[in-house]
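Student: Could you take one part of this protein and walk me through it closely? I'd like to hear what it touches and what surrounds it.

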Amino acid sequence: MVSKAVGNAVTRNRVKRQLRHLVAQQIARVPDGVDVVVRALPSAATGCLRDDMVPAWDSALGKLGSFR
């Protein structure tokens, strides 16, 4: 689900499809037993999701490693 703050239905569905594709490429790197929530901010409608999500994903995994 993508918030209505992201845009109209067409925009939200486009963002949802892009995020689903990007997460599918990265999900194998998440340790077993860890749940991940991906939230689309309103800027996701206008920016390049790949350029924003991959570094954020790497940062989150790095922080996760420091807690284990």
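Tutor: Let's look at W57 and its surroundings, then step out to the pockets and the whole chain. Keep in mind that this is a predicted model.

The chain has two helices and zero strands. Helix 1 runs 9–26 and helix 2 runs 49–67, and each of them supplies at least two residues of the largest nonpolar core. That core has 14 residues, and W57 is among those that touch the most other members, along with V6, V15, L19, A40, L49 and M53. As a general point, nonpolar side chains tend to be buried together in soluble globular proteins.

So who are the neighbours of W57? Leaving out residues up to four places away in sequence, W57 touches V23, Q26, I27, R29, V30, V36 and V38.

Pick V36 from that list. You'll find V36 in the loop between helix 1 and helix 2. Leaving out residues up to four places away again, V36 touches V30 and W57. Is V36 buried, partly exposed or exposed? V36 is partly exposed, because its relative accessible area is 39%, and buried would need under 20% while exposed would need over 50%. For a sense of distance, V36 and N8 sit 28 residues apart in sequence and 25 Å apart in space, going C-alpha to C-alpha.

V38, another contact of W57, takes us to the pockets. The largest pocket holds about 470 Å³ of space. It is lined by 21 residues, and V38, R39, D52, M53 and A56 are the closest to its centre. Helix 2 gives the most to this lining, with eight residues. By type, the lining splits into 16 nonpolar, two polar and three charged residues.

V38 turns up again in the second largest pocket, where the lining is M1, V2, K16, L19, R20, V23, V38 and A40. This pocket has about 170 Å³ of space, and its lining has six nonpolar, no polar and two charged residues. Notice V23 in that list, which is also one of the residues W57 touches.

Now zoom out to the whole chain. Of its 68 residues, 25% are buried. The chain exposes about 5000 Å², with carbon and sulfur atoms supplying 56% of that. Among contacts between residues at least 6 apart in sequence, 74% join residues at least 24 apart. The C-alpha atoms fill a box of roughly 40 × 20 × 20 Å along the principal axes.

Notes. Residues numbered from 1 in each chain as written. Predicted model: local features only at pLDDT ≥ 70, side-chain atom pairs only at ≥ 80, totals over all residues. Heavy atoms only, no water. Core = buried A, V, L, I, M, F, W, Y, C linked by side-chain atoms within 4.5 Å. Buried < 20%, exposed > 50% of the residue type's maximum accessible area, 1.4 Å probe, protein only. Helix = DSSP H or I, 4+ residues; strand = E, 2+ residues; numbered from the N terminus. Contact = heavy atoms within 4.5 Å. 1 Å grid on protein atoms, 1.4 Å probe; cavity = no way out; pocket = protein on both sides within 12 Å on 5 of 7 lines; lining within 4 Å. Points joined across faces, edges and corners; volume = space filled by probe spheres on them. Nonpolar A, V, L, I, M, F, W, Y, C, P; charged D, E, K, R; others polar. Areas by Shrake-Rupley, 256 points an atom, 1.4 Å probe, with all protein chains shown as cover.
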